[in-house]
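Hi,

Here is the structure I said I would pass on. Have a look at it first, and my notes come right after.

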Amino acid sequence: MFGGRYSNLLRKMDEFIKRSYTLVYLEVGTFNGVRAVNLLDYFLSTDANRQARYIGFDLFEDMTVEMSKAEFSKSTLPLSVSAIQKTFNDTLKRKYGDRFAGARLFKGNTKQTIKEWKEDLAQFVEPNFIFIDGGHSLETIESDFRNLEQFATDLNVFLMDDYYVNRMDVGCHPMVDKINAEGKLVALPLQPVDYIPHNKLDIQVVTVYPA
């Protein structure tokens, strides 16, 4: 679950744990929810005074094979909202009770849902650990990042997946170059590099922080 490039999620969580007892984890690309549950479980298990909540965006059961191909995403489709809520409840809620404040799942195209969430709800619950791992098209990645870049601060963790070292027509490599050229933020690909043999891709996770 946290092998290869995803080990950076745990490494950054270890850094985050040293400075905060409250986690608001926002993830673009919930998929089946398992990775998020494991990361939240890791955070909550380190101290009985910790509290956490989850904010997730995906198409969930509305995703089709055609949509997934258009976004260069997984061949397996995401689970339904109800199935993922059950996963959160059966694990985190049962294990930690009120220390887990719940999962809010937003279904739909993230070009709209993130913007609507930010306008309506972000002022009440601001995320401090962000991971963008949704659609892989250049347009979707730029939209997801622009809608969330305000949360790339010194105190927050801000990560993006799918930095393709050897491909520029998909993934966040062009967005990373643009971020660094703008000079307000730094986007830094992290080790290790995962190699995917069937499509000959070298992939990294990227951290984003103020310049």
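Below is what I found, going from salt bridges to a helix pair and then to a couple of single residues.

One thing up front: this is a predicted model, so please read everything here as computed from that model.

**Salt bridges**

Side chains of opposite charge can pair when their charged atoms come close. In this structure there are 16 salt bridges, and I picked out three that you may want to click through.

Start with Asp 41 and Lys 95, whose side chains form a salt bridge at 3.1 Å, N to O. Asp 41 sits in helix H2 (residues 34-45) and Lys 95 in helix H4 (residues 81-96), so this pair ties together parts that are 54 residues apart in sequence. The two ends differ in how open they are: Asp 41 is partly exposed at 22% relative accessibility, while Lys 95, at 53%, counts as exposed.

Next come Lys 111 and Glu 139, also joined by a salt bridge, here at 3.3 Å, N to O. This one links distant parts of the chain too, with Lys 111 in helix H5 (residues 110-120) and Glu 139 in helix H6 (residues 138-148), 28 residues apart. Lys 111 comes out as partly exposed, with 22% relative accessibility, and Glu 139 as exposed, with 56%.

The third is Arg 146 with Glu 182, where the closest N and O atoms are 2.5 Å apart. Arg 146 belongs to helix H6 and Glu 182 to helix H7 (residues 173-182), so to speak a link between distant parts of the chain, 36 residues apart. Both are partly exposed: Arg 146 has a relative accessible area of 24%, and Glu 182 is at 37%. This pair also belongs to a network of salt bridges that links Glu 142, Arg 146, Glu 149, Lys 178 and Glu 182.

**How H6 and H7 pack**

That brings us to the helices themselves. Two packed helices are described by the angle between their axes and the distance between the axes. For H6 and H7 the angle is about 40° and the axes are 10 Å apart, which makes the two helices oblique to each other. On the H6 side, the residues in contact are Leu 138, Ile 141, Glu 142, Phe 145 and Arg 146, and they meet Pro 174, Met 175, Lys 178, Ile 179 and Glu 182 of H7. Sorted by class, that contact has 6 nonpolar and 4 charged residues, with no polar ones.

**Asp 161**

Is this acidic residue, Asp 161, buried or exposed? It is buried, at 3% relative accessibility, under the 20% cut-off. Asp 161 is located in strand S5 (residues 157-164). Its side chain makes a polar contact of 2.7 Å with the side chain of Arg 5, and another polar contact, of 2.8 Å, joins it to the side chain of Tyr 6. If you leave aside neighbours within four places in sequence, the residues in contact with Asp 161 include Phe 131, Ile 132, Asp 133, Cys 172 and Gln 204.

**Phe 31**

Last item: Phe 31 is in the loop between strand S1 (22-28) and H2. At 19% relative accessibility, Phe 31 counts as buried, because the cut-off is under 20%. The C-alpha atoms of Phe 31 and Met 160 are 15 Å apart, with the two positions 129 residues apart along the chain.

Cheers

Notes. Residues are numbered from 1 along each chain as its sequence is written. This is a predicted model: local features need pLDDT of at least 70, side-chain atom pairs count only at pLDDT 80 or more; totals for chains, interfaces and linings use all residues. Side-chain values use heavy atoms; hydrogens and water are left out. A salt bridge is a side-chain nitrogen of Lys or Arg within 4 Å of a carboxyl oxygen of Asp or Glu. Helices (H or I, at least four residues) and strands (E, at least two) are DSSP runs, numbered from the N terminus. Buried means under 20% relative accessible area, exposed over 50%, partly exposed in between (1.4 Å probe, protein chains only). A polar contact is a pair of N or O atoms within 3.5 Å; within protein, one must be able to donate a hydrogen and the other to accept it, and residues adjacent in sequence count only if both atoms are side-chain atoms. Contact means heavy atoms within 4.5 Å. Axes are lines fitted to C-alpha atoms, for helices over the stretch in contact, and angles run from 0 to 180 degrees between N-to-C directions. Angles under 35 degrees count as roughly parallel, over 145 as roughly antiparallel, 65 to 115 as roughly perpendicular and the rest as oblique. Ala, Val, Leu, Ile, Met, Phe, Trp, Tyr, Cys and Pro count as nonpolar, Asp, Glu, Lys and Arg as charged, and the others, Gly among them, as polar.
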